[in-house]
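This briefing walks through a single protein chain, from local details to the overall fold. Please keep the sequence and the coordinates open while reading.

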Amino acid sequence: MQTTSTPTHCPYCALQCGMNLTPTPEGGVEVAERADFPVNRGALCGKGRTAPEVLSSRVRLTSPLVRSGGELRPATWEEALDRVAGAFSRARAEHGPDALGVFGGGGLTNEKAYTLGKFARVVLGTSQIDYNGRFCMSSAAAAGTKAFGLDRGLPFPLEDIPKTGCVILVGSNLAETMPPALRYLTELKENGGTLIVVDPRRTRTAEQADLHLAARPGTDLALALGLLHLVVAEGRTDEAYIRERTSGWEEARAAAMAHWPEYVERITGVSVPQLREAVRLFCAPENAMVLTARGPEQQSKGTDTVSAWINLCLATGRAGRPLSGYGCLTGQGNGQGGREHGQKADQLPGYRKLTDPAARRHVAEVWGVDPDSLPGPGRSAYELLDALGTDIRTLLLMGSNPVVSAPRAAHIEDRLRSLDFLAVCDVVLSETAELADVVLPVTQWAEETGTTTNLEGRVLLRRRALTPPPGVRSDLEVMHELAARLGVEKGFPTDPEEVFEELRRASAGGPADYSGITYRRLAEENGVFWPCPAPADSAEPEGRAGVEGASARRPEGLSTVAPSTPAEAPWRRSADKHSQEGEDACLDVLPDDPADPSGEQAPDAHPGTPRLFLDRFATEDGRARFAAVSYRAVAEEPDDAYPVLLTTGRVVAQYQSGAQTRRVAELNAAAPGPFVEMHPRLAERLGAAEGDAVAVVSRRGRAVAPARISRAIRPDTVFMPFHWPGEGRANTLTNPALDPTSRMPEFKVCAVRLERLGQSSAE
């Protein structure tokens with residue numbers, strides 16, 4: 001038996017914490033800390049520490065299942081794959097290729113996400129592919145691309161956060177969603193920096209703040225505009241920076257000036273003195289950051305909301321400078337990489353646009369197909385799910401559980417049931433898999449090798465630590481077998497490194513350029529930040545397969561990509577003449593030679609790009625773009641029939657739809673089920689006591705859970721976690737109203753009414 005430890009990464013959130021796995025005599029693995037990985041420095045939360053429990057055959061799938069007589073029964077792989085291929089062939093013949101749908105996930109490795117996009121477009125010929133990451137970071141991605149010309153969640157490494165002077169954290173509860181990251185905020189305060197938290201609840205994270213702004217749910221846009229108004233009124237703008245590095249300021253300034261402090265106080269519930277204090281804390285130090293998460297992003301105006309926070313950074317000169325900037329805290333394990341390589345409805349690998357003729361030619365050449373054969377953009381995630389059973393007749397679903405996680409979930413469950421055929425690839429029998437016609441059991445993190453990209457844009461190598469159970473195959477093997485059955489016998493390898501080598505070719509020259517990254521480098525360097533183009537003369541890089549045609553040219557408009565010579569790397573020189581002192585501070589946190597951490601890197605290899613935008617932004621003229629945005633209300637305001645606001649989120653012991661974490665006894669003991677958090681004043685009006693059963697009713701449905709009474713939440717708002725199915729399913733209630741740009745549903749706010757159903761059993 002192998003007894004040596006395998007260094008790898010956690011299967012859960014976007015930190016992708018490092019861990020070591022050691023096989024046990026019983027055939028499983030034990031988790032140990034991995035102090036050499038810089039993101040978590042050995043720290044793990046309870047989810048990461050208990051992750052191996054989901055590897056047990058007691059809780060996971062070990063055989064394909066097919067529906068027979070209305071029930072799922074075990075089947076051979078041949079029967080299951082034949083059924084899937086047959087159903088897709090019939091649907092395509094009878095209804096055309098766009099009757100075939102594909103739905104992916106932000107937890108899939110880069111290799112799987114890349115192959116899934118290729119499978120949909122080359123094998124199925126369908127435009128109908130999207131993924132659950134649309135529900136997570138899409139608004140921040142849209143706003144970041146508009147402003148900077150490029151979307152990478154954090155344009156700087158996490159290690160920069162404790163070195164800045166002030167952080168505004170908007171709609172994130174790091175203490176529960178990614179606990180090892182809380183240390184960066186703790187260290188910020190220890191270093192003399194200040195923390196401002198925007199959240200309608202006084203969460204564990206908000207308790208750490210120097211200033212907590214308990215804004216009414218759905219009003220983050222007004223809050224950001226009000227702060228910018230005060231920045232202008234108090235003469236705190238950086239006029240030289242605005243003039244030299246941005247465009248669109250006059251229009252954005254005029255829009256912000258319509259949001260005077262008293263008006264913003266009426267909208268948000270944040271007092272004028274608190275607004276002024278937030279501006280003072282943010283503008284006092286030389287360096288500052290704004291970090292957003294799902295709170296401001298999961299709104300029907302999420303793109304504009306994030307744009308307003310970016311405007312605040314630009315107006316004060318806090319973007320594209322050392323130890324300053326805007327960043328999005330990506331949520332899912334591969335939420336960053338998952339949105340870069342082709343499983344989105346409008347995207348090709350390398351973060352290329354599906355509508356760009358040059359991008360289509362490049363990727364088609366790598367895939368060996370005619371560019372004209374590639375379908376155009378399809379529906380976004382919710383729109384795709386909403387079309388099931390009507391326009392879309394069959395669906396292949398990987399790494400997602402929309403029965404629990406989609407907005408208006410009861411409706412989406414009905415749409416899934418209405419399909420002619422549903423195939424699900426998953427580790428466990430999730431609530432969505434229970435509805436399938438065929439369920440294919442697939443490998444998971446410790447049983448396979450592959451890459452992920454964490455919230456910093458750091459590409460990482462997960463390593464296989466143990467052999468999967470008999471009867472389990474990888475997602476790559478599934479797509480290989482289905483492609484062959486559907487007439488495409490080549491182009492879908494099952495070896496993840498071979499897939500990654502093709503991904504390098506496909507991404508070369510794109511905004512998310514991975515062409516200079518290899519498995520060997522990832523293993524030796526503890527990850528590499530993209531963009532990382534291959535050297536111009538690198539016809540056969542050190543990886544096994546080579547990268548034909550890989551180019552060292554920078555992605556168009558992105559001169560912030562570091563040149564091959566480490567001394568010229570842009571994060572080692574001043575971004576503009578106003579920030580030399582900030583650059584000196586930044587250099588204090590850099591390794592001595594980031595271009596050669598292993599001592600074995602090729603002398604002309606690109607070192608990767610930990611810090612973006614320090615000399616210019618990734619726009620055509622190198623300038624960041626202000627967005628002229630104005631406040632507008634949420635899609636569904638409270639009224640007499642539905643007088644209370646509902647917001648949703650996570651708890652520390654569960655993850656996403658809970659399909660895996662709900663199968664871990666220790667995590668279930670810590671968080672056994674849903675609840676309705678409400679303020680004592682609201683509970684008194686309702687006549688509810690702690691633990692009483694409460695119905696929460698929206699225009700879309702009804703959920704029931706015990707009351708949790710807390711002064712940590714606003715009196716006009718209730719909170720429900722979204723990890724559970726059944727009668728406590730929070731997403732039965734949520735509103736699918738879509739952001740017009742990102743197509744993000746409005747998960748974070750809707751109008752509800754409350755009904756007390758009975759006393760708790762403890763009374």
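**Briefing on the chain**

Proline 285 is placed in the loop that runs between α11 (272-283) and β12 (289-292). The model in which this loop appears is a predicted one, and the points below take up individual residues before turning to cores and to the chain as a whole.

**Proline 285 and its surroundings**

- When neighbours within four places in sequence are left aside, the residues in contact with proline 285 are Gly165, Cys166 and Arg318.
- Threonine 717 stands 432 residues from proline 285 along the chain, and the C-alpha atoms of the two are separated by 34 Å.

**Backbone features in loops**

- Most peptide bonds are trans, and a negative phi is found in most residues other than glycine.
- The peptide bond that leads from tryptophan 530 to proline 531 is cis, its omega being near -5°, and proline 531 itself has its place in the loop between β21 (528-529) and α21 (580-587).
- Glutamine 656, a residue other than glycine, has a positive phi near 45°, and it belongs to the loop between β23 (644-649) and α22 (665-670).
- Is glutamine 656 buried or exposed? Its relative accessibility is 19%, and because buried means under 20% relative accessible area, glutamine 656 counts as buried.
- Beyond the residues up to four places away in sequence, glutamine 656 touches Cys136, Gln332, Arg650, Phe722 and His723, while its C-alpha atom is 9.4 Å from that of glycine 331, a residue 325 positions apart from it in sequence.
- Arginine 743 likewise shows a positive phi, here near 65°, and it is found in the loop between β28 (735-738) and β29 (745-746).
- With a relative accessible area of 25%, arginine 743 is partly exposed.

**Two residues in helices**

- Aspartate 475 has its place in helix α18, which covers residues 475-485, and at a relative accessibility of 2% this aspartate counts as buried.
- Which residues does aspartate 475 touch, not counting those up to four places away in sequence? They are Lys112, Met398, Cys425 and Val442.
- From C-alpha to C-alpha, aspartate 475 and glutamate 187 are 40 Å apart in space, with their positions 288 residues apart in sequence.
- Glycine 295 lies in helix α12, made up of residues 294-297, and its relative accessibility of 16% places it among the buried residues.
- Leaving aside neighbours within four places in sequence, glycine 295 is in contact with Gly171, Asp220 and Lys748, and its C-alpha atom is separated by 9.3 Å from that of asparagine 173, 122 residues apart along the chain.

**Nonpolar cores**

- The largest nonpolar core holds 175 residues, and the members with the most contacts inside it are Phe119, Phe148 and Trp309.
- Helix α7, spanning residues 220-233, gives the most to this core, contributing 10 residues.
- Tryptophan 309 touches Ile168, Val170, Val198, Asp220, Leu223, Ala224, Leu227, Val290 and Thr292, when residues up to four places away in sequence are not counted.
- A second core, separate from the largest one, has 26 residues, including Phe103, Phe135, Leu385 and Leu397.

**The chain as a whole**

- The chain contains 23 helices and 30 strands, and its C-alpha atoms fill a box of roughly 70 × 70 × 50 Å along the principal axes.
- Why does the radius of gyration of the chain agree with that of a compact globule? A compact globule with 763 residues would have a radius near 27 Å, and the chain has 25 Å, so the two values agree.
- Of the 763 residues in the chain, 65% count as buried, and the area that the chain exposes is about 25,100 Å², of which carbon and sulfur atoms supply 47%.
- If contacts are taken between residues at least 6 apart in sequence, 74% of them join residues at least 24 apart.
- The chain carries 84 positive and 100 negative charges, and the mean positions of these two sets are 3 Å apart.

Conventions
Residues numbered from 1 in each chain as written. Predicted model: local features only at pLDDT ≥ 70, side-chain atom pairs only at ≥ 80, totals over all residues. Heavy atoms only, no water. Helix = DSSP H or I, 4+ residues; strand = E, 2+ residues; numbered from the N terminus. Rg over C-alpha atoms; globule rule 2.2 N^0.38 Å. Buried < 20%, exposed > 50% of the residue type's maximum accessible area, 1.4 Å probe, protein only. Contact = heavy atoms within 4.5 Å. Areas by Shrake-Rupley, 256 points an atom, 1.4 Å probe, with all protein chains shown as cover. Lys, Arg positive; Asp, Glu negative; His and termini not counted. Charge placed at Lys NZ, Arg CZ, Asp CG, Glu CD. Core = buried A, V, L, I, M, F, W, Y, C linked by side-chain atoms within 4.5 Å.
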